[in-house]
Structure formats: C-alpha cells, structure tokens
Amino acid sequence: MRWKNILVFVCLFFLGVFSFYALTVNADTMGDNEKSITYCNQVDNTKDYSDYVFLTIDYGDGGIASIALTKPSDCFGPGKHEHIDVVAIKKRNFNSGALGQLQNGVNNQSAENNYAEQETKVADYLKRTQAMTTRADFIDTYQVIPKNNTLASVNVIWQITKLNETNFDLQKSKLVYKYTNGTTKEEIVDRPKPGYQAVSSVSVSDESGWWADNFLYVIFPGAALLLIVIFLLMRKFKKG
Amino acid sequence: MIFDWLAFVVTISGEFVVLLLVFRKNWPKLLFFSIIVNSFTWPIASYFYYNFLVSFVAVEIAVVIVETFLWSWLLKLNYLRGLGLSLTVNLITALIGIIVF
C-alpha cells in the first residue's frame, strides 16, 4: 500500500509539473487583472534602399505561417511566432505573380508534409530571386501585462545597417513605448560592441528562453529517464 | 502549448488504458510506468518531429524501438513481448492522435 501511495504521488507530481509548465510558459490566456498590448516591429529606413522590395516570412510552430510584402509603415511580427525572416529582393528580380502563388500555397497549407513542401517552394523562390535574408527573433515580454500598467503599445524600430549583394544586416535601433495617457518614451538600443560580428542575422537574447526551451526537451525527459533508472536499480537491489 | 499538453495527456491516457486492458492489475504501477515512459519518449519524439521535419512514421518507429526496451525492463517481459506491447500501445495512441488532432 505504501508503494502504491508513492507511485501515485510521483504520477501526480509529474503531471502537476507538466501542467504548471504548460500553463505558465508561453501562456496565451489572460487573467482578470491583465491586459494585452500591441507589439509592432517596423523597419524605418527601407526608403534608403529604393531598388529593393522587402518581404517578411513568418515561421510558426509547424512551418511558414505567412509571407508578405512589407512597407515601412507595416507592423510585422506580433511576437508570438518562432521567428521572422526579413527578406530583401532586388526590384529587377522581383516577380509579384510568383509571390502571389507562394502566398496562396502558404494560406492553403494544412498537413505537415505540406508545410515542408511550402518551405521548399519558398526557399527555391528566394534562391531564384537572389534574395538576401536576415533573421529576427522576437521577445514577447510585453504581450500580457498587469491591467493597471499604463503602457499601451511598444514599437520596435529596426534599421538596415548593411544591404548589398552579399550582406544584409538588420539591427534593433529604438523602442518606443506609448502610454494610455498619450505620452511616449523612447529607448535607444545600444549598438553591438566593436568586434561583434552580426553575420547578417539579428537575434535578441532571451534569458528565460533557455529554461523554457530546455525544460520540455531536456530536463523533463532527463528526469523521466532518471526515474526509470532509479526504479530498475531499486528493484535489482531489492531482489539481490 | 496547451495543444502539446493535451497531446501528451492523450498519449499517456491511451497507453495506460491499453496497459490496463492487457495486464488488468496494479493500476498505480501501470500509470506510473505510462507517465515515466512517455515523459521520456514523447518530448524527444516531438522535438525531432517538429524541428527536423522527420516523418511521423519514422518518429513512431523510433519510439516503438525505444519503448520496446523500456516496457521489457519495467514490466519484466521478454523482448518479443515487449515489442508486441510497444507496437500495440503506440499503434493505438498514434491512431487516437491522428483522429483527435
């Protein structure tokens, strides 16, 4: 009977830990005392590169969630997706018909195999158009905040710092916080230190991400394997 | 994430019910085994499935092989019976997964 109680406790503990993780990490639900705010990413100097068109490719959980032509005023990436690629294509190589076909394919995809097929088509399109791609990862820190917080929205301003036929680099330049009373606050994002190589990609470090990423795929199965080994060893020693 | 959690619970429940139907005794132990075995295989299988675009069948085959050993050791079965059990529980949970999700 004692063993049964221990086993039931371990089962409940495991389910409890997983439930807690499921409900707290990446939680989409909002409590009564919370509100969601908009999170708008914009590239503000695309007009300096008038011989290019810019696309954003939004990668969701299973594959490409959307692919869209981006104007300077457009917001992209509400922050819930895995990452976004910003793509620059020379106007002479750009074909809006081919993009339309890709968009139709992405909008009508349903099965997992279809996601892979669409990714291949998009990759082919980017290769054909000699597109330059840079990746932007987003933090969704400001999506859900306490209701009494006066913050209304956050604009994340990105700047193209390098764009030519071999390099494309985007950097976050400014955060603009807008409050419900109409005031705004700007925060200039520090430039990377000298010697830092951006290598045509942008990433925003998220310290809480390590725990979130590794809990499910490393710590959880690791703990389970440990329990299996402990159980087998205990049984062996008990027998011996 | 809630979707993942549901899929995980459905997998554990499905395997637990099959184990219960096969062995018909000591349910807390069977539930415990079902949770620890799936807590080990399910996250790793999901990781490979989503991140490396490995096909569903390939992931299921890998899971069946790993679970063959785990079920054989935990339930003191010979490997052939372990394989049979692993195949049965995974076939049923895969079918549930395809129908439900």
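**Entry 1, chain B overall.** I began with the contacts inside chain B, and among those between residues at least 6 apart in sequence, 45% join residues at least 24 apart. The model is a predicted one, and I read every value below with that in mind. For the secondary structure of chain B I noted 4 helices and 0 strands, the elements running α-α-α-α from the N terminus on. Of the 101 residues in chain B, buried residues make up 36%.

**Entry 2, helix α3(B).** I looked up α3(B) next, which has 19 residues and reaches 26 Å from its first C-alpha to its last, close to the 27 Å expected at 1.5 Å a residue. Which residues in α3(B) are buried? I listed Val59(B), Val63(B), Glu67(B), Thr68(B), Leu70(B), Trp71(B) and Leu74(B), and I noted that Glu67(B) and Thr68(B) stand in this list beside residues such as Val63(B) and Leu70(B). For reading such a list I kept in mind that an α-helix has 3.6 residues a turn, so residues three or four places apart point the same way.

**Entry 3, positive phi in the loops of chain B.** Just after α3(B), I found that Lys76(B) takes a positive phi of about 50°, although Lys76(B) is not a glycine. Lys76(B) is found in the loop between α3 (56-74) and α4 (79-100) of chain B. I then asked whether Lys76(B) is buried or exposed; because there are 10 other C-beta atoms within 10 Å, Lys76(B) is exposed, the cut-off for that class being 12 or fewer.

I looked at Arg24(B) in the same way, a residue other than glycine whose phi has a positive value near 55°, and which lies in the loop between α1 (2-23) and α2 (27-51) of chain B. With 9 C-beta neighbours inside 10 Å, Arg24(B) counts as exposed.

**Entry 4, the nonpolar cores.** I turned to the largest nonpolar core, which has 25 residues and in which Phe33(B) and Ile36(B) are those with the most contacts. This core draws on both chains, since α4 (207-239) of chain A together with α1, α2, α3 and α4 of chain B each supply at least two residues of it. The largest share, 11 residues, comes from α2(B). I followed Ile36(B) across to chain A and found that, leaving aside its neighbours within four places in sequence, Ile36(B) is in contact with Ala224(A), Leu227(A) and Ile228(A). Apart from this core lies another, of 23 residues, among them Val43(A), Leu55(A), Ala88(A) and Trp158(A).

**Entry 5, the open sheet of chain A.** In chain A I traced an open sheet of 4 strands in the order β2-β8-β9-β10, with mixed pairing. At the edges stand β2 (38-43) and β10 (184-188), each with a single partner strand, so one side of each is left without a neighbour in the sheet. Neighbouring strands of this sheet are turned by 25° against each other on average, direction ignored.

How many bridges join β8 to β9 of chain A? I noted 11 between strand β8 (residues 151-163) and strand β9 (residues 168-179), which run antiparallel, and in this pairing Leu151(A) stands opposite Tyr179(A) in β9(A). Between β9(A) and β10(A) the pairing is again antiparallel, over 5 bridges, and the bridge partner of Leu175(A) in β10(A) is Glu187(A). The hairpin of β9(A) and β10(A) has 4 residues between the strands, and there Gly182(A) takes a positive phi near 95°. As for burial in β10(A), the number buried is 0 of its 5 residues, so this strand lies largely in the open.

**Entry 6, Tyr52(A).** I checked Tyr52(A), which lies in strand β3 (residues 52-59) of chain A and, with 19 C-beta neighbours inside 10 Å, counts as partly exposed; buried would require 20 or more. Not counting residues up to four places away in sequence, Tyr52(A) touches Ala88(A), Ile89(A), Lys90(A), Lys91(A) and Leu163(A). Tyr52(A) and Ala88(A) are 36 residues apart along the chain, while their C-alpha atoms are separated by 6.1 Å.

**Entry 7, confidence in chain A.** Last, I looked up the confidence of chain A, which averages a pLDDT of 72, with 65% of the residues scoring at least 70. Over residues 192-208 of chain A the pLDDT is below 50, and beyond near neighbours in sequence this stretch has 20 contacts in the model.

Definitions and conventions: Residues are numbered from 1 along each chain as its sequence is written. Chains are lettered from A and ligands numbered from 1 in the order in which they are written. This is a predicted model: local features need pLDDT of at least 70, side-chain atom pairs count only at pLDDT 80 or more; totals for chains, interfaces and linings use all residues. A nonpolar core is a set of buried Ala, Val, Leu, Ile, Met, Phe, Trp, Tyr and Cys residues joined through C-beta atoms within 7 Å. Two residues are in contact if their C-beta atoms, placed from the backbone, lie within 7 Å. Two strands pair if DSSP finds at least two bridges between them. Axes are lines fitted to C-alpha atoms, for helices over the stretch in contact, and angles run from 0 to 180 degrees between N-to-C directions. The expected span of a helix is 1.5 Å times one less than its number of residues. pLDDT is the predictor's confidence in each residue, from 0 to 100.
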